[in-house]
Amino acid sequence: MEPGQPREAREPGPGAETAAAPRWEDAKTFYDNLSPKKKPKSPKPQNAVTIAVSSRALFRMDEEQRIYTEQGVEEYVRYQLEHENEPFSPGPAFPFVKALEAVNKRLRELYPDSEDIFDIVLMTNNHAQVGVRLINSINHYDLFIERFCMTGGNSPICYLKAYHTNLYLSADSEKVREAIDEGIAAATIFSPSRDIVVSQNQLRVAFDGDAVLFSDESERIVKAHGLDRFFEHEKAHENKPLAQGPLKGFLEALGRLQKKFYSKGLRLECPIRTYLVTARSAASSGARALKTLRSWGLETDEALFLAGAPKGPLLEKIRPHIFFDDQMFHVAGAQEMGTVAAHVPYGVAQTPRRAAAAKQTLGSQ
């Protein structure tokens, strides 16, 4: 043995183990690799941007919904229990949720101690017995969703408020309307007619303007007095900000998170990108929309004024994870081009549908 040779390299004495004794650091690494990887800690709801997603928005549950509708709740629960080890297929909100988690990963790298991140809550009126299959599905896809609300058929509204919800996405239009009526940003999400590839690294969110980000003031004028009067009104009120619409707060939350990247010099590499996609004309009514956003201290990364042209082809180029609009024909047009679209049931455009729904309810009593 050479003098000064490390102890681990010396010749073993009689009866000694031939392998070197493991160091403490090696043992720690060994046991860390055996244990499951620790997931990040969930933020407090009041500090986070809370996104509540229903189970039918996050996963495809068409067969389960058919059983519930045709055979009732008991058969539905039995079917879920029998299939609880089979993960659900991804639903329309799935790519959106994955994009939220990608943003969270970047935020945690830049701000390890901050709770100002997205917090995803699974909000479902399912019976608690169905929870195991939902948990298995979330773990199967490695989603970070720690908060569940399974209301057993009761309204989720009180829970949405308790979680300080910034956005609620559901496949149930009645629950969405109820949330909107309570002042909660909400939309009914629809699957696209065909699948297109969306960004894995950048969250892209597209908004209509009137009755989504803004109030329905301008739409009321169009319906009551026509386009010419609308253009006159917008010109006369160009410097008067529009009142806020139901999703203004969500855009505000996205803007707050964007600024966290900007402050690190990452504006061009920001993993959040927002779009205004409106039927307004830029020349005749676009200035008021942009000045309204400016008055709120908000902006979108891109603004597309289509002057009544179809939105679907432009959305196909943007490839947002979600597009919000208050009019179903724009939602349908987006779906046809492969965009996940969400209907915001707010404003004067909803009046005929609400009247029809009320008449149907009265007729069934």
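In what order do the 10 strands of the open sheet lie? In this predicted model, the order is 5-4-1-6-7-12-11-8-9-10, and the pairing is mixed. Strand 5 (147-150) and strand 10 (302-305) form the edges, each pairing on one side only. From one strand to the next, the twist averages 25°. As a reminder, strands of a sheet pair through backbone hydrogen bonds, either parallel or antiparallel.

A handy place to look at this pairing is the junction of strand 11 (residues 322-325) with strand 12 (residues 341-343): the two run parallel and are joined by 3 bridges. Here F324 has A342 of strand 12 as its bridge partner.

Helices also pack on the sheet. Helix 6 (residues 131-140) touches strand 4 (118-124) and strand 5, and its direction makes about 150° with that of strand 5. Helix 11 lies across strand 1 (49-53), strand 4, strand 6 (165-170), strand 8 (203-207), strand 9 (272-278) and strand 11. Relative to strand 9, helix 11 runs at about 145°.

Helix 11 deserves a second look. Its 15 residues (248-262) should span 21 Å at 1.5 Å a residue, and the end C-alpha atoms are 21 Å apart, which agrees. Because 11 of these 15 residues are buried, helix 11 is largely enclosed by the rest of the structure. Among the buried residues are F250, L251, L254, L257, F261 and Y262, and K248, Q258 and K260 are buried too. A253 and G255 complete the list.

Conventions:
Residues numbered from 1 in each chain as written. Predicted model: local features only at pLDDT ≥ 70, side-chain atom pairs only at ≥ 80, totals over all residues. Heavy atoms only, no water. Helix = DSSP H or I, 4+ residues; strand = E, 2+ residues; numbered from the N terminus. Expected span 1.5 Å × (residues − 1). Buried < 20%, exposed > 50% of the residue type's maximum accessible area, 1.4 Å probe, protein only. Pairing = 2+ DSSP bridges. Axes fitted to C-alpha atoms, helices over the stretch in contact; angles between N-to-C directions. Contact = heavy atoms within 4.5 Å.
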